[in-house]
Amino acid sequence: MTHPENAAEFLKDSQKAKWHDETLWFVRDKRDKVSKGIPEWEQLRELASGIKDNVLANLAGYLEEFERNAKKNGIIVHWAADSEEHNRLVLEILQQQNCTSVVTRKSILTEECHLNPYLEKHGVEVVDTDLGERIVQFLNQPPSHIVLPAIHLKKGEISELFHEKLHTEKGNEDPAYLTQAARVHLREKFFAAKVAITGVNFGIAETGEFVVCTNEGNADMGVHLADVHIACMGIEKILPRRKDLGVFLRLLARSATGQPITNYNSHFRSPSPGKEIHIILVDNGRTAQLAREKFRNSLKCIRCGACMNTCPIYRRSGGFSYNSTVPGPIGSILSPGLDLKKHSSLPFASTLCGSCTDVCPVKINIHEQLYEWRQEVTKTKGEFAKGLSMKLANGIFKSPLAYKISGSVMRNALKSLPNSLIYHPLNSWGKNRNLPDPPKESFQQWYRKNRS
Amino acid sequence: MSSREKILSAIRSLTVEPKALPDIPNFSSPGNLVERFTQSISGNKGEVLSKSEFEEWFSTSGFSKVISLSVQFSELATLPLPEDPHNLETLEVAILDGQFGVAENGAIWLEDTQLGLRALPFATEHLVIVLDRNNLEDTMHQGYDKIAAAQSGFGLFLAGPSKTADIEQSLVIGAQGAKSLRVVLV
């Protein structure tokens with residue numbers, strides 16, 4: 001299904017769609033307020049973008065430096081060219097540990113690799129431990145937002161779900177009560193797990209450490225109780241120096257949810273005595289994106305989700321309408337690079353208003369890249385209806401007589417034709433839009449009457 | 001060719017215009033550090049207490065399972081630090097010494113030496129961090145300057161209790177980790 005088809009589905013529940021729109025705008029507003037409290041905010045964005053420019057220009061060197069230092073610290077480093085290899089590596093580690101149940105702080109990367117279904121197919125029970133992630137996992141859904149995974153659900157739906165899965169009171173919709181029930185359930189899982197999987201927010205070349213940020217503390221509950229920690233990291237997550245974290249941690253949570261920082265920011269440098277840390281460095285299309293000069297700096301993304309919260313299309317169409325692991329504006333410039341055919345409608349899911357670019361903490365020119373992807377899509381696909389109308393217009397504008405006649409024909413046609421013909425399904429611009437009333441006369445006629 | 005070689009050589013085959021790594025200025029903000037830090041912690045849904053306020057809270061709350069690694073409050077411990085973190089499941093209070101705090105966001109830096117067990121500040125029901133009021137930094141930049149050469153296997157900027165807003169964006173304190181954070185400024 002295309003983005004417009006999915007969006008139409010989302011908009012059927014107009015009350016929920018309105019709530020979704022307003023709630024995300026509220027988060028965007030919080031981001032604005034908190035960022036204005038930092039006088040050097042724009043300088044920080046500039047710095048973050050500049051640091052990432054340097055990383056993308058020296059990625060191979062930084063990856064080697066990171067690997068060297070991580071190994072020195074006793075971390076086991078693996079490399080995966082694609083999602084298949086990534087999933088296989090995770091499974092192998094689990095099998096070495098005779099482990100059939102893992103807790104995960106699911107990352108967008110493991111979601112991108114479809115790790116959970118792969119592990120389940122091989123007999124491993126996977127428990128996502130972020131509250132929102134657990135909720136969508138119970139429903140067999142992917143997250144609809146990269147920071148707010150269950151933002152498409154109302155508490156009534158979650159209450160019903162928890163009644164079924166966690167035996168909470170029927171009809172009790174109190175978020176505190178439901179969260180407490182999930183706490184008891186998840187803590188039981190944490191204390192039983194042998195292996196924990198997390199994503200990575202930042203990897204530091206200089207020290208070989210990596211940083212994981214959460215508000216719930218679920219990543220840490222998992223990894224510090226387990227014997228083995230597997231961290232999955234996209235190769236673009238590298239930062240050169242430890243002090244670069246100062247810039248990025250100041251930007252990340254403020255951009256994401258309007259908080260000054262996430263409550264837990266854990267720096268992993270070496271395993272506790274007797275334990276293991278594995279890190280898997282994953283390419284899965286990233287070097288291909290690095291090769292596309294126009295789209296290269298989409299790799300600067302730190303997954304804050306600010307572009308989603310601000311996007312007038314995302315807010316009114318929901319994360320699922322994108323049918324892509326990363327939805328919203330940033331997803332619409334990342335996903336076409338992975339599968340242009342599948343995601344060909346995404347670059348058009350935008351008004352090109354540029355709000356995404358304005359809020360991006362690493363200054364990715366998202367709306368310009370959306371425009372560029374549109375050129376790529378039409379190059380490979382072409383657009384039949386538009387081609388035809390352009391040819392027609394060409395004929396009309398070439399001949400003054402044809403121009404005159406067609407103007408009067410259109411004015412009369414718009415007056416007298418039934419709406420069903422004007423707003424026909426081929427005219428997608430007619431959906432939810434009304435044409436203005438046609439003028440009674442042409443400009444030429446008006447001019448002759450009034451000015452000559 | 002291994003995946004490692006494949007990835008590295010794919011990157012090296014590209015010509016990306018070199019860009020210098022920018023210097024990070026030493027940003028700072030005006031205002032009293034203690035006031036800003038206190039404000040930040042309460043914004044993160046924690047609480048800043050004086051020594052006497054803390055002692056009063058602790059003496060009236062009747063906890064029986066307490067681990068204290070804080071030098072000043074070591075006598076409040078009722079349990080020794082276990083060897084296995086799985087024994088922390090029913091722990092009520094952990095009292096730790098923080099290295100320093102950051103005024104702009106309330107983040108407190110802790111390393112293996114202060115934590116004893118890495119799971120401790122997460123698994124405990126209530127967390128208390130004791131912090132010297134002279135050990136407050138302005139922004140994260142000064143914070144990272146301070147730990148530039150630190151070598152701890154694990155380090156943590158902790159800024160509040162475990163919290164979530166995953167159900168309809170309603171903030172709930174006490175998700176999977178500690179249900180409260182009290183910072184004792186001494």
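Two strands count as paired here if DSSP finds at least two bridges between them. Keep that in mind as you open this predicted model, since the tour starts in a sheet.

**Stop 1: the middle of the sheet**

Select residues 228-234 of chain A, which form strand β7, and then add β10(A); seven bridges join the two, and they run parallel. For a pair to zoom in on, try His229(A), which stands opposite Ile277(A) in β10(A).

Now keep β10(A), residues 276-282, on its own and show its surroundings. Six of its seven residues are buried, so this strand is largely enclosed by the rest of the structure. Bring in residues 76-80 of chain A next: this is strand β1, which pairs with β10(A) in the parallel sense over five bridges. Ala80(A) has Val282(A) in β10(A) as its bridge partner.

**Stop 2: the whole sheet**

Zoom out and colour the strands in the order β1-β10-β7-β4-β2-β3 of chain A; you have an open sheet of six strands with parallel pairing. Which strands stand at the edges? They are β1 and β3 (125-128) of chain A; each has a single partner strand, so one side of each is left without a neighbour in the sheet. Turn the view to follow the twist, which averages 25 degrees from one strand to the next.

While you are here, select residues 101-105 (β2) and 195-198 (β4) of chain A. Four bridges join these parallel strands. Thr104(A) is a good place to look, with Ile197(A) in β4(A) as its bridge partner.

**Stop 3: a helix with two sides**

Move on to residues 366-381 of chain A. This is helix α18, with 16 residues, and it reaches 22 Å from its first C-alpha to its last, close to the 22 Å expected at 1.5 Å a residue. Show the side chains of Ile366(A), His367(A), Gln369(A), Leu370(A), Trp373(A) and Val377(A), the buried residues of α18(A). Looking down the helix axis, you will find these buried residues within an arc of 145 degrees, so they line one face of α18(A). A reminder about helices helps here: an α-helix has 3.6 residues a turn, so residues three or four places apart point the same way.

What do the buried residues of α18(A) pack against? Add α14 (306-310), α16 (328-338) and α17 (355-359) of chain A to see their partners. Then rotate to the other side of α18(A), where Gln375(A) and Lys379(A) are exposed.

**Stop 4: two helices crossing**

Select residues 14-36 (α2) and 244-257 (α12) of chain A. These helices pack at an angle of about 140 degrees, with their axes 6 Å apart. From α2(A), show Val27(A), Lys30(A), Arg31(A), Val34(A) and Ser35(A); they meet Arg254(A), Ser255(A) and Thr257(A) in α12(A). By class, this contact has two nonpolar, three polar and three charged residues.

**Stop 5: where the chains meet**

Finally, display both chains. Their contact takes 65 residues from chain A and 60 residues from chain B. Several elements of chain B give two or more residues to its side of the contact, among them α2 (33-43) and α6 (140-146). Which element gives the most? Select α1(B), with eight residues on the side of chain B that touches chain A. The residues on that side divide into 29 nonpolar, 19 polar and twelve charged.

For a last view, pick residues 264-268 of chain A, strand β9, together with β8(B): five bridges join them, and they run antiparallel. End on Asn265(A), whose bridge partner in β8(B) is Phe157(B).

Note on methods:
Residues numbered from 1 in each chain as written. Chains lettered and ligands numbered in written order. Predicted model: local features only at pLDDT ≥ 70, side-chain atom pairs only at ≥ 80, totals over all residues. Expected span 1.5 Å × (residues − 1). Buried ≥ 20, exposed ≤ 12 C-beta atoms within 10 Å, placed from the backbone. Arc of directions from axis to C-beta. Contact = placed C-beta atoms within 7 Å. Axes fitted to C-alpha atoms, helices over the stretch in contact; angles between N-to-C directions. Nonpolar A, V, L, I, M, F, W, Y, C, P; charged D, E, K, R; others polar.
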